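Me: I'd love a close look at one part of this model: the aromatic rings and what surrounds them. Please take me through it in one go, and add whatever else helps to place it.

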Amino acid sequence: MQFSKLFIPTLKESPADAEVISHKLMVRAGMIRQLASGIYSILPLGLRVLRKVEQIIREEMNQIDGQEVFLPSIQPAELWIESKRWDFYGKELLRIKDRHGREFCYGPTHEEVITDIVRKEVRSYRQLPILLYQIQTKFRDEVRPRFGIMRGREFMMKDAYSFHADEKDTQHTYSQMAEAYGNIFKRCGLDFKQVQADSGTIGGSFSHEFAVLADSGEDEIGFCDSCGYASNLELAGSKPPSPSTPPATLQELKEVETPGKKSVEDIAGFLNLPARQIVKTILLENENGLVAGLVRGDHEINTIKMRNLIGCEWLQAAGEEAIAKHPGLHCGYVGPVGLDLPVYADNEISALHDFVTGANKPSAHLTGVQVKRDLKIKQFGDLRTVKANDPCPHCEGGRYQVKRGIEVGHIFILGTKYSSAMKAVYLDQQGKENAMVMGCYGIGVGRTAAAAIEQNHDDRGIVWPRNLAPFQVIVIPVNYSDEESKAACDTIYDRLRELGIETLLDDRSDRLGPKLKDADLIGIPLQIIVGPKNLAVGQVEIKIRKTNESDLRPYPRVIEDIPNILKDL
RNA sequence: CGGGACGUAGCGCAGCCUGGUUAGCGUACCUGACUGGGGGUCAGGGGGUCGGAGGUUCAAAUCCUCUCGUCCCGACCA
């Protein structure tokens, strides 16, 4: 393409409303423009990059026998009512009505639609498994969209769904999918980790997330520096405590006055004890009412782990209202002794002796508390969020590291959640009817491109990984009105295109400076700079965007070397 | 949903507190000339319902009320 004919509105300055680097650079490089909060237009240069990501995804999906489909973005409410998600999905689901007043939603995901298709067409185990995918625009009415295309409301997503006769076959596809995802993100030039994850509102039993490591990421990833275990921090397992030997004599339960000492820090300071000798009692609320969670004072409770332990639908910090309704709860002085609520305790609590808790009366705490003697624990479990340097639960001596990550892909084994609700069944060899077992697998296309920028940029702009670059080569004449320069540029440009290399020719009448700035900004991996002085001695300059290294090569011989130079980038 | 900030030319901003010529700066844009190896120089030029509505006032970008939009922090969330 000739630069003068391409719509690439680059900007010198960053837009005022952009915060993260990928957002700033995508706007500056003329890839995207905002239309409304979380809604973006994709401009030619941006689309070229998204298409690259899509193509890589298609190739890897087809490789594992995925078949591409294209499903409607507007979906009737009935399907969502059937899966129970019309209510459950909440405000994030954009609901719309047609002229007859019939209810629809703009699809945030497509489990319902795909399950509806498959249940209508598939009858026999002989037709299974089946793996379908699409690349399509989704809409989720996020509370707070942010970071440009990284967390938009409308966004491009690859979603795949698989249907199986049994769990084992599902797992087979799941691991193939995990491998395909690995290939995709590798080909996109990303530094990522496959981590264990919670399955959230999608439901299901088993799930991994593909996280691109970057400081701007919204997820926290815990991974072991020794055995390679990696998990979203919301799920990362902690090592159970080694059994502790109790002191020879256990303290008696004793009430102490602690007026105004509500936080762990206050009490630790007041009683001159380490925070680990204090037990926090956290009040939470689920569909069945209030529950209490116990963690050590130096730990943080993890509501996702606790929700999974209890096996409830949802779990969140108890509201003031719910607390007020329950007599005997005093904020800052709540404790498990004699507490008339289901109490769940973190494993670490079992190793404690002589600890401190709230006394369930204003301005008082209890010391000398013992688990066995004083507490009624409904269930012990892993309830705390791990921290950097905590021991790894899966190996000896390994320690957790914690880094931030961008979730670019997520794979789930759904089980029969949707197939049961929507009666997607097949007949097995015995002629018996069974619910199909499902998996679902998503990749944020735009988010992947944005993540690539987060990991590949410098102070001059984007440094595209070769496979995502909108063009591989940009030919930059110092002065395109110089006839010999023009002739050389045109020759290089034509020949590279014959070689199948996507090439951009900067035929604009600007001086060299702005052209170089733009080339750096939009991140084309290889720049060929053609000027009269070098050309007079039969040379052109080859410059690598990433390293900023340049050297002079003989013209026109260099043209035939370009494919090899590109291979090494 | 709670807290905070902002809205003035395509983009980035000043002016507002303390109301008063024709609303300004940088950049981008148009014309011409020069220039030609990292956003060049000179000259001339076009572009604004000061987010919107209402109010106060002789007079509102500026003060007041409402409203819409956008961003940030938190909660929430693939």
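Reply: A charge sits over a ring if NZ of Lys or CZ of Arg is within 6 Å of the ring centre and within 35 degrees of the ring normal. Happy to look with you, bearing in mind that this is a predicted model. By that rule, Lys193 has its charged end over the ring of Phe223, 4.4 Å from the centre of that ring. Trp86 offers another case: the charged end of Arg95 sits over its ring, 4.7 Å from the centre.

Now to rings that meet other rings. The count comes to nine aromatic pairs. One of them joins Tyr174 and Phe206, with ring centres 5.3 Å apart and planes at 55 degrees; planes over 60 would be edge-to-face and under 30 stacked, so this pair is tilted. Tyr174 belongs to helix 6 (residues 167-187) and Phe206 to strand 10 (residues 206-213), so the pair links distant parts of the chain, 32 residues apart. The two partners sit in unlike surroundings: Tyr174 counts as buried at 5% relative accessibility, whereas Phe206 is partly exposed, with a relative accessible area of 42%.

Phe185 and Phe210 form another tilted pair, with centres 5.8 Å apart and planes at 40 degrees. Here too helix 6 supplies one ring, that of Phe185, and strand 10 the other, that of Phe210, so the pair ties together parts that are 25 residues apart in sequence. Both Phe185 and Phe210 are buried. They also belong to a cluster, in which ring pairs link them with Tyr181 and Phe192.

For a view of packing away from these rings, try helix 7 (residues 264-271), where Val264, Ile267 and Ala268 are buried. Seen down the helix axis, the buried residues fall within an arc of 100 degrees, so they line one face of helix 7. An α-helix has 3.6 residues a turn, so residues three or four places apart point the same way. The buried residues of helix 7 pack against strand 14 (279-286), strand 18 (355-358) and strand 19 (364-369). Exposed Glu265 and Gly269 are carried on the face turned away from the buried side. Just after helix 7 comes Asn272, with a positive phi of about 55 degrees.

Finally, look at Met422, in the loop between helix 11 (417-421) and strand 22 (425-427). Met422 counts as buried, at 0% relative accessibility. Beyond its neighbours within four places in sequence, Met422 has contacts that include Leu79, Glu82, Thr115 and Arg119. Asp116 is another of its contacts, and the C-alpha atoms of Met422 and Asp116 are separated by 7.4 Å although the residues are 306 apart along the chain.

Terms used:
Residues are numbered from 1 along each chain as its sequence is written. Chains are lettered from A and ligands numbered from 1 in the order in which they are written. This is a predicted model: local features need pLDDT of at least 70, side-chain atom pairs count only at pLDDT 80 or more; totals for chains, interfaces and linings use all residues. Side-chain values use heavy atoms; hydrogens and water are left out. Buried means under 20% relative accessible area, exposed over 50%, partly exposed in between (1.4 Å probe, protein chains only). Helices (H or I, at least four residues) and strands (E, at least two) are DSSP runs, numbered from the N terminus. The arc is that of the directions from the helix axis to the C-beta atoms. Contact means heavy atoms within 4.5 Å. Rings of Phe, Tyr and Trp (its six-membered ring) pair if their centres lie within 6.5 Å; planes under 30 degrees apart count as stacked, over 60 as edge-to-face and the rest as tilted.
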